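Please examine the sequence and the three-dimensional view below. The questions that follow take up one helix, its strands and its charged pairs in turn.

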Amino acid sequence: MNHYTYKLRLYPNELQKQKLANHFGSCRYIYNHFLNERKETYLNEKKSLNYYDQAAKLTKLKEKLDWLYETNSQALQFELKCLEAAYNNFFKHKKKFPKFHSKHDKQNFTIPEKIKINDNKLYFFKFKEGIKIKLHREIQGKIKKATVSMNQTGQYYVCILTEREIQKLKPSSTFLDKISNALFNEKNNC
């Protein structure tokens, strides 16, 4: 199986822009909140937390902060997985220590499943009416996840990761082989 990514432009209406802003803010809040919790826990208790410790706390945090229910829960859980990956990369000496996300950086969130594209619209939970999308080519394969982003000029995009199987082509003779054969046949015909 091969993975392919398609980057497409989104054209949300004003209500959808507000919902997207809530998603960006909620995901940033979750990442920063749990990064802070990991740092504080280690400094105070010399104990390291992991994804499973914090996933259970995410549910309790959502009960305290009602506004988190307006955000796709899969996107919030994915932020915890990103934090876990950032810690793992740091401890494997691949990356620097994780930093807090800022609202002045590129804004994005990822939906790991239940994504559809139909009639030039992107559908996922909390966006059942669909966001208008510029579909300039056919999406091939099974959609694995989608990352919605907004750049600093206010343009919205979605990167869609798909998985599909590519059939291998039969080897063909190269250009040089064809020339060699043509010269050999010409020489023998003389």
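Q: What distance does helix H1 reach from its first C-alpha to its last?
A: In this predicted model, helix H1 covers residues 14–45, which amounts to 32 residues. At 1.5 Å a residue, a span of 46 Å is expected. The helix comes close to that expectation, for its first and last C-alpha atoms are separated by 46 Å.

Q: Which residue has a side-chain oxygen that reaches the backbone nitrogen of Leu15 at the start of H1?
A: The contact is found where H1 begins, and the backbone nitrogen belongs to Leu15. The side-chain oxygen comes to within 3.2 Å of that nitrogen, and the residue that supplies it is Asn13.

Q: Which residue just after H1 takes a positive phi?
A: The residue in question follows directly on the helix, and its phi is about 55°. This residue is Lys46.

Q: Which residue forms a salt bridge with Lys17?
A: Side chains of opposite charge can pair when their charged atoms come close. Here the closest N and O atoms are 3.5 Å apart. Both partners lie in helix H1, three residues apart, or about one turn of the helix. The partner of Lys17 is Glu14.

Q: Is Glu14 buried or exposed?
A: A residue counts as exposed when its relative accessible area is over 50%. The value for Glu14 is 60%, whereas Lys17 has 29% and is partly exposed. Because its value of 60% lies over that cut-off, Glu14 is exposed.

Q: How many residues apart are Glu129 and Lys19?
A: Glu129 forms a salt bridge with Lys19, with the closest N and O atoms 3.9 Å apart. The pair links distant parts of the chain, as Glu129 belongs to strand E5 (residues 127–134) and Lys19 to helix H1. Their separation along the chain is 110 residues.

Q: How many bridges join strand E6 to E7?
A: Strand E6 comprises residues 142–150 and runs antiparallel to E7. One opposed pair is Lys145 and Leu161, the latter in E7. The two strands form a hairpin with five residues between them, where Gly154 has a positive phi near 85°. The number of bridges joining E6 to E7 is eight.

Q: Which residue in E7 is the bridge partner of Asn2?
A: Strand E1 (residues 2–11) runs antiparallel to strand E7 (residues 156–164), and nine bridges join them. In E7, the residue paired with Asn2 is Arg164.

Q: Which residue forms a salt bridge with Lys144?
A: The closest N and O atoms of this pair are 4.0 Å apart, and the partner of Lys144 is Glu163. Glu163 lies in strand E7 and Lys144 in strand E6, so the salt bridge ties together parts 19 residues apart in sequence. At 22% relative accessibility, the partner is partly exposed. The residue asked for is Glu163.

Q: Which residues does Lys144 touch, not counting residues up to four places away in sequence?
A: Lys144 is found in strand E6 and is partly exposed, with a relative accessible area of 31%. Gln74 is 70 residues from Lys144 in sequence and 13 Å from it in space, C-alpha to C-alpha. With residues up to four places away left out, Lys144 touches Pro112, Glu113, Leu161, Thr162 and Glu163.

Definitions and conventions
Residues are numbered from 1 along each chain as its sequence is written. This is a predicted model: local features need pLDDT of at least 70, side-chain atom pairs count only at pLDDT 80 or more; totals for chains, interfaces and linings use all residues. Side-chain values use heavy atoms; hydrogens and water are left out. Two strands pair if DSSP finds at least two bridges between them. Helices (H or I, at least four residues) and strands (E, at least two) are DSSP runs, numbered from the N terminus. The expected span of a helix is 1.5 Å times one less than its number of residues. A polar contact is a pair of N or O atoms within 3.5 Å; within protein, one must be able to donate a hydrogen and the other to accept it, and residues adjacent in sequence count only if both atoms are side-chain atoms. A salt bridge is a side-chain nitrogen of Lys or Arg within 4 Å of a carboxyl oxygen of Asp or Glu. Buried means under 20% relative accessible area, exposed over 50%, partly exposed in between (1.4 Å probe, protein chains only). Contact means heavy atoms within 4.5 Å.
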